[in-house]
Structure formats: structure tokens, C-alpha cells
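I opened the notebook today to go through one model by its strands, its helices and its side chains. The entries below record what I looked up, in the order in which I took the topics.

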Amino acid sequence: MTVTRAPLPPVPAQAQIDGFVAALGDVTTGTGDLVKLSSDWSRMSPVLREKLPPGRFTAQLVVTPETSAEIPRVLAAAYEHDVPITPRGAGTGNYGQATPFAGGAILDLRRCDRVLEVGEGYVRVEPGAKLTAVDAAVRATGQDLWLFPSTKGSTAGGFVGGGSAGTGTIEHGTTYDGFVKSVTVAPCDGSGTAVTPADVRPYVHAYGVTGVLTELTLATEPARDWRAVYVATDDYRTGTDILRRVRPLGPRLASLDEVPLVEHLPSPAVDRTRVSVRAILPEASVAAFTVLVAEAGGEVTAVLDGVEATDLLSGMSYNHPVYFLQQSGYPCFHLESAGDPLWDAPDAIRAALPNALFHLDLGHRGIQGMIVADYTSEEGVLAAIAALEELGVGVHSPHQWYVDRQVDLIRAQAATSDPKGLLNPGKLE
């Protein structure tokens with residue numbers, strides 16, 4: 001297969017940067033820590049750590065709007081002076097989304113952090129609002145956010161622009177499935193305006209290539225009394241049996257880790273000697289879950305209440321157990337995986353990937369998770385992907401930086417909203 005990559009715009013000359021800054025007027029600019037601001041958590045991937053080490057691709061300045069109303073003016077100046085713009089929230093993305101491949105400016109959106117309105121069934125925010133703050137504002141009105149990422153310190157714009165799933169996925173699906181009720185977007189077309197499109201899809205998980213989100217309206221629902229429940233089992237099959245049966249009890253999250261991953265989880269409630277199953281459940285479901293666990297042959301070891309307890313449990317989901325393992329010095333890589341072989345045929349996966357470890361998360365329609373394996377080279381990663389796909393495992397690679405969902409839709413929108421290709425260049429094939 002031949003892949004056509006959009007050409008990168010040239011790195012701006014100093015005269016272009018000077019003209020850009022002059023056109024911005026009182027919008028805050030500076031150099032700051034450009035190496036740090038030009039990187040994100042792509043270092044979780046050993047492949048990207050080799051390709052995108054801090055300092056290899058660095059912006060020439062950082063622009064820090066104080067409110068979202070300044071963002072269209074920034075993009076109008078960028079269009080006039082041909083300055084590439086790489087939008088950035090908290091920098092918690094894992095795929096190199098915040099890497100400025102063509103220099104230019106980092107658009108640091110963290111000061112655009114207001115929670116603008118909380119209504120029945122929705123919350124309206126600026127893109128830099130941290131989801132910890134958004135969640136607190138929503139809970140103060142007796143509601144829950146539909147969805148938030150396992151890294152709850154992420155910004156709303158970063159999660160919608162670069163994420164896809166998280167706590168709440170079991171019931172509500174991904175960021176594509178109704179969580180984003182509306183967005184306001186600043187295009188990079190010279191207009192200096194912001195628009196509210198009828199279709200939000202070209203702006204979700206688009207890495208900012210179709211425009212910079214200036215405002216988001218996200219779905220909420222009546223709050224429930226959640227509990228963080230910890231289970232220990234003696235083997236993987238027992239753990240997966242519990243995951244298969246828990247869905248009718250209304251979990252907000254349900255995860256499983258094998259012992260080598262469990263050893264590094266940060267919660268004192270975890271039994272580090274056995275397979276760990278963890279769930280965020282409505283208080284009313286805990287008794288039934290306890291019976292289910294006993295019938296399967298497991299043991300409920302802790303039931304904790306409060307936001308801190310459920311947030312800690314959420315922070316041990318998705319790729320976080322991989323991060324904790326890596327922090328121990330273990331040289332590994334992970335593949336975002338989905339499909340019945342994760343719980344029907346684990347031995348076949350282990351045969352294809354020696355020393356493979358499993359972290360599982362119950363998904364909206366089935367089972368998904370991270371398969372962790374020993375890292376040797378990028379070629380080894382590609383061979384592992386091929387082997388898993390041969391077994392019927394769906395794989396999404398966290399070892400590349402390209403927009404890889406709804407690509408045709410996003411490409412068509414980018415042609416209109418970013419005709420010069422200045423928005424986060426290099427991320428759209």
C-alpha cells in the first residue's frame with residue numbers, strides 16, 4: 001500500500017515570526033520552556049521515544065491566549081504570516097499529537113480554562129478547562145459527566161481533540177457517540193472568526209487539524225452514588241469470567257490486570273499477589289456484585305466510596321498500568337487491542353507474543369485493553385501487530401502520530417478550514 005503524506009509547510013523565517021507576533025498585539029507570547037511544550041507523553045511508546053526525543057522538533061515560540069475569544073485572532077495572524085500552529089492542552093496525549101514538526105508556534109490553551117455553564121444534561125467549557133474542574137462543577141449540580149479519561153488532569157479540548165474513550169465508556173461509548181453535544185471552532189482560513197458546525201465529527205479526535213476548539217458542550221447525566229470495588233482472583237480465567245458477567249450491574253468502569261502489572265499499581269487496596277479485577281459500580285449494585293464474584297471463585301477485598309477512591313481506580317485503567325510497569329525499568333511496549341480472543345484465547349496470544357501480559361477494560365460492546373510485550377525494535381512491534389491480527393485481535397497502534405479515525409471526513413474538512421496546512425502539520429496523511 002502506498003501512503004501519501006501531506007507536505008510539511010516550511011519552518012518560518014524570523015521575519016515571519018516577528019510579523020506574526022506584531023499582528024497578535026496584546027496576546028501573550030514568549031519562548032518559555034519550548035522543549036517541554038513541544039513534547040507530550042509519547043515517551044510511553046519506545047518507538048516514538050526514539051523518533052520524537054525532546055528537542056528534535058521544537059516550536060519557535062509559544063502563544064498563550066487568556067480567553068478563547070483570542071484564538072481566532074491567533075489563527076488569522078498565523079494564516080497571514082504562514083506560521084504553523086500546534087495546539088496543546090495539558091500535554092497528556094500519548095501519540096505525539098503536540099509535536100510541532102514544522103516549527104512555528106505552540107498554542108498553549110491552558111489559560112482558556114473556564115467552566116462557562118452547567119445546565120441539565122450538559123456542561124459548556126473552554127478548551128483548556130481541566131476535566132477535574134469540569135467534573136467538580138458538574139457534580140456540584142447533582143450530575144456526572146458521561147465520560148472522562150483515565151488521566152483526569154487532561155483538558156476538555158485535549159480529550160475531545162485527541163482522546164476517544166475513558167471512564168463511562170461501558171455505558172456511553174466513545175467521544176464520538178453523543179458525548180460531544182456541540183463545539184465552536186476557529187478555522188485557519190484567514191477569517192479570524194469562530195463557527196459552530198452542525199456536525200461535530202470532523203473535530204473529534206482530529207488533533208486540531210480541522211480547526212482549534214474554542215468552546216465545547218459535553219453531555220452530563222444525573223449523578224449516581226459510585227463505589228470503587230477491588231477483587232482478587234487466583235487466575236486470569238476467573239477474572240475474565242467476572243468481567244463477562246458484570247455489565248448488567250451498571251459499571252462505570254471495569255478493569256483486569258495480571259500479577260506482573262498488579263505489582264506496580266499505586267493503590268494500597270490491591271492484592272499484589274493475585275490477578276486484580278476492579279470496578280466502579282453504583283452503590284446499589286455492590287451486594288449483587290459480591291455474590292457474582294463469590295460464585296466465580298474470586299474475593300472482594302475492598303469497597304471504597306468518595307471521588308478520590310473512584311478517581312484512583314480510574315487512574316489505573318487503560319494504558320496507566322503499562323506506564324507504572326515502565327517506571328520500574330521494564331523494557332516493554334503496548335498495543336491497544338480489542339476482541340473476544342482477549343478473553344477466549346489468551347494462550348494463543350501468549351504463544352505469538354512470549355511474555356505477553358494483559359490489561360483489560362470492559363468496553364461499550366465487548367472487551368478491550370492493552371497487550372504488553374517485551375520491546376526489541378519497531379520491526380518487532382510491527383510483527384506483533386501482524387500476529388495479533390492473524391488471531392482476530394483488533395489492534396490500534398499507539399506507536400504512530402497520524403490521525404487514524406474518520407480520516408476522509410477530517411481530510412475533507414481540513415481542506416476548507418486549513419487550506420495552507422498550517423494546523424498541526426504532519427499529523428494528517
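What follows are my entries on sheets, cores, single residues and rings.

**Entry on the eight-stranded sheet.** I kept in mind throughout that this is a predicted model. I looked up the strand order of the open sheet of eight strands and found 13-10-12-11-15-16-14-17, with antiparallel pairing. Strand 13 (299-305) and strand 17 (394-396) stand at the edges, and since each has a single partner strand, one side of each is left without a neighbour in the sheet. Ignoring direction, I read an average turn of 20° between neighbouring strands of this sheet. For one pairing within it I noted that strand 14 (residues 332-338) and strand 16 (residues 367-374) run antiparallel and are joined by seven bridges, with serine 337 standing opposite glycine 369 of strand 16.

**Entry on the helices against this sheet.** Helix 9 (residues 236-246) packs on the sheet, where I found it touching strand 10 (226-233), strand 11 (253-257), strand 12 (275-282), strand 15 (357-362) and strand 16, and its direction makes about 170° with that of strand 11. Helix 16 (residues 378-390) also packs on the sheet, touching strand 14, strand 16 and strand 17, and its direction makes about 25° with that of strand 14.

**Entry on the nonpolar core.** The largest nonpolar core has 40 residues, and I listed Ile242, Leu243, Phe289, Leu335, Leu360, Ile371 and Leu388 as those that touch the most other members. Helix 11 (residues 286-296) gives the most to this core, with five residues. I followed isoleucine 242 further: leaving aside residues up to four places away in sequence, isoleucine 242 touches Val231, Thr233, Val277, Phe289, Leu292, Val293 and Ala296.

**Entry on serine 267.** Is serine 267, which lies in the loop between helix 10 (259-262) and strand 12, buried or exposed? I found a relative accessible area of 2%, and because under 20% counts as buried, serine 267 is buried. Its contacts, again without residues up to four places away in sequence, are Tyr230, Arg272, Leu312 and Met316.

**Entry on strand 2 and helix 4.** I looked up the side chains of strand 2 (61-64) and found Leu61 and Val63 pointing one way and Val62 and Thr64 the other, with all of them buried. In a regular strand the side chains alternate between the two faces of the sheet. Strand 2 pairs with strand 1 (residues 28-30) in the antiparallel sense over three bridges, and three bridges join strand 2 to strand 4, the two running parallel. Valine 63 takes part in both pairings, as the bridge partner of threonine 29 and of leucine 107 in strand 4. In helix 4 (residues 71-81) I found Ile71, Pro72, Val74, Leu75, Ala77, Ala78 and His81 buried, and the elements against which the buried residues of helix 4 pack include helix 1 (14-24), strand 2 and strand 9 (212-222). Just after helix 4, I noted a positive phi of about 55° at aspartate 82.

**Entry on the rings.** I found eight aromatic pairs in the structure. In one of them the ring centres of tryptophan 401 and tyrosine 402 are 5.6 Å apart and the planes lie at 50°, so the pair is tilted. Tryptophan 401 and tyrosine 402 are both buried, and together with Phe57 and Phe101 they form one aromatic cluster. I closed with two lysines: lysine 152 lies over the face of phenylalanine 148, at 4.4 Å from the ring centre, and lysine 420 lies over the face of tyrosine 79, at 4.1 Å from the ring centre.

How values were computed
Residues are numbered from 1 along each chain as its sequence is written. This is a predicted model: local features need pLDDT of at least 70, side-chain atom pairs count only at pLDDT 80 or more; totals for chains, interfaces and linings use all residues. Side-chain values use heavy atoms; hydrogens and water are left out. Two strands pair if DSSP finds at least two bridges between them. Helices (H or I, at least four residues) and strands (E, at least two) are DSSP runs, numbered from the N terminus. Axes are lines fitted to C-alpha atoms, for helices over the stretch in contact, and angles run from 0 to 180 degrees between N-to-C directions. Contact means heavy atoms within 4.5 Å. Buried means under 20% relative accessible area, exposed over 50%, partly exposed in between (1.4 Å probe, protein chains only). A nonpolar core is a set of buried Ala, Val, Leu, Ile, Met, Phe, Trp, Tyr and Cys residues joined through side-chain atoms within 4.5 Å. Rings of Phe, Tyr and Trp (its six-membered ring) pair if their centres lie within 6.5 Å; planes under 30 degrees apart count as stacked, over 60 as edge-to-face and the rest as tilted. A charge sits over a ring if NZ of Lys or CZ of Arg is within 6 Å of the ring centre and within 35 degrees of the ring normal.
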